[in-house]
Amino acid sequence: RTLADLGCGLGADALAAARAGIRVYGVEADPLTAAMAAANAEAAGLAELFTVECGDATVFDVSGVDGVFCDPARRTSGTGRRIFDPRAYSPPWDFVTGLAERVPHTVVKVAPGLDHALIPAGAEAEWVAVDGDLVEAALWCGELAEVPRRATLYRRQGSGFHRHQLTGSGAAEAPVGPPRRYLYDPDPAVVRAHLVAELAVELDATLGDPSIAYLYVDQPTRTPYARCLEITDVLPFSLKRLRALLRDRRVGRVEILKRGSALVPEQLRRDLRLAGDQAASLVLTRIGGAPTVLIGRPVD
């Protein structure tokens, strides 16, 4: 019923909670931003449900609220430079993760690149992607945690979006085997949530290399969690051989996917000197530790 939004910014998340009928107490350190958040609440007709205090989030008394939402600042004040180390967030990471021990319903918005080692014990870590783009991550703590890891995908359908969710431990390992006829490139939310093994079970798939998140199957299965390619060729990587093969097939347009390869796609595209009216997909990867290129085409 009551929520503290620590570091509420302009109030977008707090306003969403207020529209759901939750009484929100926003805290924002920057006076101008706090004033703008209050103005947004007034303009939205939600000033009675969302009030803003200009102050230090770390000293706000959370004992009087049912839940806490915290979106720590991940950019340096003044320069706007992105902060990659969570321990340099504002409020500090130790304070943010400690909220879960003080409030039974705690949610923390984090950068999608968060190291799994920093996830508090017992928290549910969720990664969110929209149409294949990884956009954010969150930690659901205390009574809000349902599973260790979750990947949430939103796919555009007509004028709206359809949601898909894959869950699991984040610690399972997929079986490894040779490349097969079809390759699945998992959505980045699935990869970041460490749920590739769970997807492998769903697709009856194997990895070509234990450290690379490409899955291989004999027969394709429609899934929202990965893109599928039909593989026509598997070659040890050789620029000369690849160039000759693409020339023989009159390939003039390629998309280049890569995982586990040090090659730069745009440089490779120039080196291939493509000419022709056909298209192909190239996958730069490793199979059994060896640099490999797969040639294929997308499966609708």
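**Exercise 1. Find the residues that touch the most other members of the largest nonpolar core, and the helix that gives the most to this core.**

Step 1: Pin down the term. A nonpolar core is a set of buried Ala, Val, Leu, Ile, Met, Phe, Trp, Tyr and Cys residues joined through side-chain atoms within 4.5 Å. Buried means under 20% relative accessible area, exposed over 50%, and partly exposed in between (1.4 Å probe, protein chains only).

Step 2: Know your input. This is a predicted model, where local features need pLDDT of at least 70, side-chain atom pairs count only at pLDDT 80 or more, and totals for chains, interfaces and linings use all residues. Residues are numbered from 1 along each chain as its sequence is written, and side-chain values use heavy atoms, with hydrogens and water left out.

Step 3: Read off the hubs. The largest core holds 50 residues, and Leu-6, Val-62, Val-68, Leu-139, Val-190, Leu-199 and Leu-215 touch the most other members. The top helix is α5 (residues 196–203), giving 5 residues; helices (H or I, at least four residues) and strands (E, at least two) are DSSP runs, numbered from the N terminus.

Step 4: Zoom in on one hub. Leaving out residues up to four places away in sequence, Leu-215 touches, among others, Tyr-182, Pro-186, Val-196, Leu-199 and Leu-203 (contact means heavy atoms within 4.5 Å).

**Exercise 2. Work out which face of helix α1 is lined by its buried residues, and what they pack against.**

Step 1: Sort the residues of α1, which spans residues 12–19. Ala-14, Leu-15, Ala-17 and Ala-18 are buried. Viewed down the axis, the buried residues fall within an arc of 160 degrees, so they line one face of the helix; the arc is that of the directions from the helix axis to the C-beta atoms.

Step 2: Check the other side, where Ala-12 and Arg-19 are exposed.

Step 3: List the partners. The buried residues pack against β1 (2–6), β2 (23–28), α2 (31–43) and β3 (50–54).

Step 4: See what comes after. Gly-21 follows α1 and has a positive phi, near 90 degrees.

**Exercise 3. Locate His-194 and Arg-250, two non-glycine residues with positive phi.**

Step 1: Recall the background. Most residues other than glycine have a negative phi.

Step 2: Take His-194. Its phi is about 60 degrees, and His-194 sits in the loop between α4 (188–192) and α5. With 33% relative accessibility, His-194 is partly exposed.

Step 3: Do likewise for Arg-250. Here phi is about 55 degrees, in the loop between α6 (239–248) and β14 (251–258). Arg-250 is partly exposed too, at 45%.
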